[in-house]
Amino acid sequence: MTPLDARLEDAWQRRELEPDRSRSLLQGVTPDAAGPLGAAAWLVMDGYLKFRDAQQAGALEAAASALKILEAHPASWWFSRALNVRSCALLELGEWEPALVSLRAQLSACHANGDRETEGCALHDLGVMHTRRDPPRAAVYLRAAGALFTELEHGVGQTYVAWSDGELMEALDRPAEALTLYRKALTLAERHGHHFMEVLVLSRLGELAVAQGREAEGEVWLRRALAQQNARPDRPLWVSVPPMVHLLRLSGRLTEAREVLDAQLARAQAAGMIAPQPLMHELLSEVLEQLGEPEAALKHARAHLRLVRQELAEEQERRVRGLEVLHRTELAEREAQLQRQQNEALRSALADLETLHREVERVSLTDELTGIANRHALMTRGAALAAGLTRPAAVAMVDVDHFKRVNDEYGHDGGDRALRAFAQHLAGGLGPGELVARFGGEEFVVLWPGVGVAEAQRRLEGMRRALVEVRVPGLPAALRLSFTGGVVPLLGGDLLGALRRADELLLRGKRQGRAAVLADVAGT
């Protein structure tokens, strides 16, 4: 690696935690004198820094220029990184379909050239894209990104995944799990010196605490966030201010709210940061009105209106320019594809990649031994189904009786055959929309949406009685399987709570002699 190559690589590695250092490393480098790969690497870095500065048109132009060079060097990691810059800029512009195509191309390039860090970035971004539109699919992508970043010991990637997992749990209305993940993100951000994420997570923890009525705890989080961003005024300068001001107004401390806003507005103006100023003026206008200072409130309201109009005009101009660049880039790419006669090959590659994604998703949600849903599917699709229920529902925990004896007498292969036969027996007794999943070992879970506990107990008891007729392929016909089950109502979409109660009933049934289905009819 030449000194210039090392310098550009150093700039890339510092882009998240030390963006100013990355910029300084680019200074003095002449792309034309760096050779094709050096010039492409410089363009990729320039594009990424422009993306972080909300200059999406410039980011797209830089990425397109880099990709034109790097098409002849697909084995270079700068090729997959250039695709990463393009994907990020498209996501910021809200161009979902082109962004999706770009992310898939990014994944394909990473698989080919072994750039696992950028592969993790693509998986994470796909998870973020699907968080609101398809939470189960988002969970698959984020899980894969988290596993990859953990294997690579990539602290920044792990921090982003923990944060995005927290947002996913909020989208699924699971605040306790979201809180745990946000705390994990905070620990990782502190450990790896990720100042931007540290301020972001502290602010979110404060907002959640205040929203849940824990104002004192929320104030502690928000003051920590405010202190952090004041100590190092990196982006975002303003993220903790609105929730902090909301809390101060909620507790009647209007003078302190005004002082916080005055200080932050002054800092934003001194730093030349326009983006936070409209919100600061708006909040100051509201606080001053509450303090009985209508003239000062009007002054800030007018400043807010002027800056919002300016911001909207600039945002529209940036978006139009970005779309123009995107359109030019797409036209150039289409012409190049036609010239190289690779249109069909590209479509085939994208189709193969989509097939691969579907297969990865299917495998991640299917129990390899029995072919039914696995625990991960239960805790994602099952939990999402449970959260959206408006009718009565029942959950059962089921355990094969004396399964150890089957393993001891017929070996693990015989035990596997018995589990497959048992799983298929349970699955065959379910109707459309009902779910059976292997929870672990010889334990299974059945979820009946729209079915009451009494009816679920009756159905499960019927399955238990019919199990005596089931023959396990490859094992003696004299072998008879039996099971014990516990059935409980699913209340308020709380799947985890229902599983705990069903497990307690299951244990009671085992203590009473097994081969029975117990139900919590009183809990309905």
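This is a short tour of the structure above, one selection at a time.

**Before you start**

The model is predicted, so to speak of local features a pLDDT of at least 70 is needed, side-chain atom pairs count only at pLDDT 80 or more, and totals for chains, interfaces and linings use all residues. Residues are numbered from 1 along each chain as its sequence is written, and side-chain values use heavy atoms, with hydrogens and water left out.

**The whole protein**

Begin with a cartoon view. You will find 21 helices and five strands; these are DSSP runs numbered from the N terminus, with helices being H or I of at least four residues and strands E of at least two. Of the 524 residues, 49% are buried. Here buried means under 20% relative accessible area, exposed means over 50%, and partly exposed is in between (1.4 Å probe, protein chains only).

Now switch on a surface. About 25,100 Å² is exposed, and carbon and sulfur atoms supply 53% of that area. Accessible areas come from the Shrake-Rupley method with a 1.4 Å probe, and for residues only the protein chains shown count as cover. Among contacts with a separation of 6 or more, 63% are between residues 24 or more positions apart; a contact means heavy atoms within 4.5 Å.

**Stop 1: the helical core**

Select Val-44, Met-45, Leu-70 and Trp-78. These are the residues with the most contacts inside the largest nonpolar core, which has 46 residues. Such a core is a set of buried Ala, Val, Leu, Ile, Met, Phe, Trp, Tyr and Cys residues joined through side-chain atoms within 4.5 Å. Elements giving two or more residues to this core include α1 (3–13), α3 (35–52), α5 (77–93) and α8 (135–152). Helix α5 gives the most, with 10 residues.

Zoom in on Val-44. Leaving aside residues up to four places away in sequence, Val-44 touches Trp-12, Ala-66, Leu-70, Trp-78, Arg-81, Ala-82 and Val-85.

**Stop 2: the cysteines**

How many disulfides does a search of the whole structure find? The search finds zero, a disulfide being a pair of cysteine sulfur atoms within 2.5 Å. Select Cys-88 to see an example: its nearest cysteine sulfur, that of Cys-121, is 7.3 Å away. Looking back from Cys-121, the nearest cysteine sulfur is that of Cys-88. Cys-88 is buried, with a relative accessible area of 11%, and Cys-121 also counts as buried, at 17%.

**Stop 3: the sheet**

Next, select the five strands. They form an open sheet in the order β2-β3-β1-β4-β5, with mixed pairing. Two strands pair if DSSP finds at least two bridges between them. The edge strands are β2 and β5 (517–519), each pairing on one side only.

Focus on β3 (residues 443–449), where six of the seven residues are buried. On one side, β1 (residues 393–400) runs antiparallel to β3, joined by seven bridges. Show Ala-396 and you will find Val-446 as its bridge partner in β3, while Asp-399 stands opposite Glu-443. Strand β2 (residues 435–440) also pairs with β3 in the antiparallel sense, over five bridges. Here Leu-435 has Leu-447 as its bridge partner. Two residues lie between the strands in the hairpin of β2 and β3, where Gly-441 takes a positive phi near 60 degrees.

**Stop 4: helices on the sheet**

Add α18 (residues 375–387), which lies across β2 and β3 and runs at about 140 degrees to β2. Then add α20 (residues 453–466), which packs on the sheet and touches β1, β3, β4 (483–489) and β5. The direction of α20 makes about 170 degrees with that of β4. For these angles, axes are lines fitted to C-alpha atoms, for helices over the stretch in contact, and the values run from 0 to 180 degrees between N-to-C directions.

A second, separate core of 33 residues includes Val-400, Phe-403, Ala-423 and Val-470.

**Stop 5: two loop residues**

Most residues other than glycine have a negative phi. Select Glu-153, which is not a glycine and has a positive phi of about 55 degrees. Glu-153 lies in the loop between α8 and α9 (155–171). Is Glu-153 buried or exposed? Glu-153 is exposed, at 68% relative accessible area.

Finish at Ala-515, in the loop between α21 (495–511) and β5. Its phi is positive, near 50 degrees, and Ala-515 is partly exposed, with a relative accessible area of 33%.
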